[in-house]
Amino acid sequence: MQFILGSGSPRRLELLAQIGVVPDAIRAPDIDETPHKAELPRPYCARMAREKVAAVPAETDDIVLCADTTVALGRRILGKPENEAEAEAFLRLMSGRRHKVVTAVAVIRGEKLWQRDVQSTVKMKSLSEPEIRRYLATGDWRGKAGGYGIQGPAGALIPWISGSFTAIVGLPLAEAANLLQAAGYPFDGGAA
Ligand SMILES: Cc1cn([C@H]2C[C@H](O)[C@@H](COP(=O)(O)OP(=O)(O)OP(=O)(O)O)O2)c(=O)[nH]c1=O
C-alpha cells in the first residue's frame, strides 16, 4: 500500500504533516475546474474532489486523497483569480461581508470512495483602499480560492470565522483523518 496525495497544494502537504501523515507520492490532478451552468458551490466543490481523486493514477491497494476548496458568496462561486484585477474584484465583493468556504475531501482505495465536505463562514472586515492595495501587492492571493489565504497576510483582514480553520486553509484535518482511518491508513501514535 502506498499513500498518494493527489494535490499540488503545498498547504495540503503541510496540513497532513501536522497529523504525521507523509505521502509516499504526490500526484497533482489535472481536471477541468469549470463549474456547470447554475451549479451551486457545495455540490460543485464535492464534484471537484471526486473528479480529482478519479484522475489520479494509482494501484488498487493504494490510498489516494484529494480535496477542493471553494469560496462561495451566496450562490456565486469565487475560484482562483486569474489575475490581480480579478483578485481585486473578489476582495471588493467580500469586503465587509460574510462568505462561505467549502472544502470537500475525497479518499479512494480500489473501488471504494469515502467523501466529506465541511462548510465554514468567514467574515472579512470592510477594506480600505490602502488595505486592498497592500494586500494585492503581497501577491499572496495567487493560486487561492477567493483570492486570499487566511493563514497569510489576509489574516489581518478576517476578524471572525465559524467552522474549521484547517478546512479554510485547504484540508479539514479531523475529517481527513477519519476518512484515512476508514480506508485503512496505518496511523501509529499521534492524535488520529
Ligand atoms: C480560502 C483559502 C484558500 N486557500 C487555498 C487552498 C487551496 O490550495 C486553494 C484552492 O484551490 P483548490 O482547487 O482547492 O486546490 P489547488 O488547485 O491549490 O490544489 P490541488 O487541486 O492540486 O489540490 O486555495 C488557502 O490557502 N487559504 C484560504 O484561506
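1. A polar contact here is a pair of N or O atoms within 3.5 Å; within protein, one must be able to donate a hydrogen and the other to accept it, and residues adjacent in sequence count only if both atoms are side-chain atoms. Glu33 meets this with a polar side-chain atom 3.4 Å from an oxygen atom of the ligand.

2. This is a predicted model: local features need pLDDT of at least 70, side-chain atom pairs count only at pLDDT 80 or more, and totals for chains, interfaces and linings use all residues. Residues are numbered from 1 along each chain as its sequence is written, and side-chain values use heavy atoms, with hydrogens and water left out.

3. Backbone contacts also reach ligand oxygen atoms. A polar backbone atom of Gly8 is 2.7 Å from one. For Ile150, a backbone N or O atom lies 2.8 Å from a ligand oxygen. The protein covers 94% of the 610 Å² of accessible area that the ligand has on its own (Shrake-Rupley method, 1.4 Å probe).

4. The ligand has 21 residues around it (a heavy atom within 4 Å). Ser7, Gly8, Arg12, Lys52 and Lys80 come nearest. By class, the shell has 7 nonpolar, 7 polar and 7 charged residues (Ala, Val, Leu, Ile, Met, Phe, Trp, Tyr, Cys and Pro count as nonpolar, Asp, Glu, Lys and Arg as charged, the others, Gly among them, as polar).

5. Which strand gives the largest share of this shell? Strand 3 does, with 3 residues (strands are DSSP E runs of at least two residues, numbered from the N terminus).

Key. Helices (H or I, at least four residues) and strands (E, at least two) are DSSP runs, numbered from the N terminus.
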